[in-house]
Amino acid sequence: MAGALAELLEVATGEVLASAQTLNDGAYQFDQLRPGAYQVRIDLPEGDLFAPQAAEGLDLLDARLGRTKTIRLAMGEEADVGQIPVLHGATVSGVAWEDADVNGRFDPGEPPLQGAAATLLRQEDGEWKSVGVLPVDESGGYRFDSLRPGTYSVRFTLPSGYLFTDYLPDGQGRYSKVPLVDGQVGQTEPFQLAMGQARTDLHVGGIRPGLVGDYAWIDENGNGLQDFGEPPLMGVHVALLSVLADGSVAEVASTTTDEYGLYRFTGLRPGLYRVRATLPLGYAFTANRPDIPEIASAIPEGTGPSGESEDFVLRSGQSRRNIDIGARRAGQ
Ligand SMILES: [Ca+2]
Ligand SMILES: [Ca+2]
């Protein structure tokens, strides 16, 4: 065990009399000592830790710091502290980030998730026990080291207002490793750590809910745009459809435009959506103006009472207020 620091303490005063770095075979030696009572304090290099059996010869102050029992030396006497078993500690690390496009992967340019925290759990006698808690750093990273072999899981706490991003069980590398749960607390599947192993891929992605809306109007001049003075259209039935990975569609919510022509879906999980609008009797969908989408109709022009927007992505925290519905009086 090379690279450990051994310090010789005088028991009476607690003073450090000498120190030495251990060599490749772990050996160190203090000589020319007066008779007296001594202890040796051993500080392991970062990442290593004492094996459980080391407690037979050492008082363990923490995973990497130990102190021998008192050694009493008579004149000319030599003492051998004996072998101290050491393990190469395993490490667990990862990044918490905001998954802006909600694909479950940590993509270049996506920001760190400040305010998230990681709790490392270790299974002992069939129970999960906390090894430690770390807030993520400025770049969203966290790291636990000097870990014994065993079964672990990382539990994440997201900042308030965040949800867990999509979880792809087969996603290797830079994917969120937390199965989807409601709320702000979730944890990885249990995993094994071997001696000295480094798991660097225990990432977590957070997302913020979004909004879809918000306006239906009567396009009196038929130019496909919301012009000043054109009235709102009340009573349009609007359904929000979630477009799933396999292309199938599920209705998430529905509502009706109010007297101001407004509708709104809030608290939405980011993802791929589509809006289906059904007009009141006597109306048809007006012309499309994809060149000015902010004030145009999102529903294709047509004569039927029902129409659907194109699929659109609702990004993390995004408000999409331009899913508007333009109607003209049927027969005009
Ligand atoms: Ca992403
Ligand atoms: Ca118009």
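Which residues does R41 touch, not counting residues up to four places away in sequence? In this predicted model, the residues that R41 touches are E7, L9 and R67. We will come back to R41 below, after a look at the chain as a whole.

## The chain as a whole

This is a strand-built chain: 28 strands and zero helices. The radius of gyration is 32 Å, well over the 20 Å that the globule rule gives for 332 residues, so the chain is more spread out than a compact globule. Along the principal axes, the C-alpha atoms fill a box of roughly 115 × 35 × 30 Å. As for burial, 30% of the 332 residues count as buried. Sequence-distant pairs are well represented among the contacts: of those with a separation of 6 or more, 68% join residues 24 or more positions apart.

## Three domains

The division runs as follows: domain 1 covers 5–86, domain 2 covers 89–207 and domain 3 covers 210–329. Taken over C-alpha atoms, the centres of domain 2 and domain 3 are separated by 38 Å. Where these two domains meet, seven residues of domain 2 are in contact with five residues of domain 3. On the domain 2 side, the touching residues are four nonpolar and three charged, with no polar residue.

## R41 and its strand neighbours

Back to R41, which sits in strand β3, residues 36–43. R41 counts as partly exposed because 18 other C-beta atoms lie within 10 Å, whereas a residue needs 20 or more to be buried. For a sense of scale, R41 and R315 are 274 residues apart in sequence, and their C-alpha atoms are 55 Å apart in space.

One of the residues that R41 touches, R67, belongs to strand β6, which spans residues 65–68. β3 and β6 pair in the antiparallel sense over three bridges, and R67 is the bridge partner of R41. On the other side of the pairing list, β5 (residues 58–60) also pairs with β6, again antiparallel and over three bridges. Here R67 is the bridge partner of D59. The strands β5 and β6 form a hairpin, with four residues between them.

In a regular strand the side chains alternate between the two faces of the sheet. Strand β6 shows this alternation: G66 and T68 point to one face and are buried, while L65 and R67 point to the other and are not.

## Two nonpolar cores

Which residues have the most contacts inside the largest nonpolar core? They are V92, A96, A116, V136 and F156, in a core of 25 residues. Several strands give two or more residues each to this core, namely β9 (90–98), β12 (141–147), β13 (150–157), β14 (163–164) and β18 (204–207). The largest share comes from β9, with five residues.

V92 makes a good place to start when browsing this core. Leaving out residues up to four places away in sequence, V92 touches L120, F144, L147, Y152, V154, R199 and L202. A second core, separate from this one, has 23 residues, including V212, W217, V238 and A298.

## Backbone details worth a look

Two residues other than glycine have positive phi values, and they make a handy pair to compare. The table puts their backbone angle, loop and surroundings side by side.

| Residue | Phi | Loop | Other C-beta atoms within 10 Å | Burial |
|---|---|---|---|---|
| V102 | near 55° | between β9 and β10 (117–124) | 22 | buried |
| D125 | about 50° | between β10 and β11 (127–135) | 5 | exposed |

Is V102 buried or exposed? V102 is buried, because 22 other C-beta atoms lie within 10 Å. D125, by contrast, is exposed, because 5 other C-beta atoms lie within 10 Å.

There is also a peptide bond to check in your viewer. Where is the cis bond? The cis peptide bond runs from G213 to D214, with omega near 5°. D214 is found in strand β19, residues 210–218.

Notes:
Residues are numbered from 1 along each chain as its sequence is written. Chains are lettered from A and ligands numbered from 1 in the order in which they are written. This is a predicted model: local features need pLDDT of at least 70, side-chain atom pairs count only at pLDDT 80 or more; totals for chains, interfaces and linings use all residues. The radius of gyration is taken over C-alpha atoms; the globule rule is 2.2 Å times the number of residues to the power 0.38. A residue is buried if 20 or more other C-beta atoms lie within 10 Å of its own, exposed if 12 or fewer, and partly exposed in between; C-beta atoms are placed from the backbone. Domain bounds come from an automatic or database domain assignment. Ala, Val, Leu, Ile, Met, Phe, Trp, Tyr, Cys and Pro count as nonpolar, Asp, Glu, Lys and Arg as charged, and the others, Gly among them, as polar. A nonpolar core is a set of buried Ala, Val, Leu, Ile, Met, Phe, Trp, Tyr and Cys residues joined through C-beta atoms within 7 Å. Two strands pair if DSSP finds at least two bridges between them.
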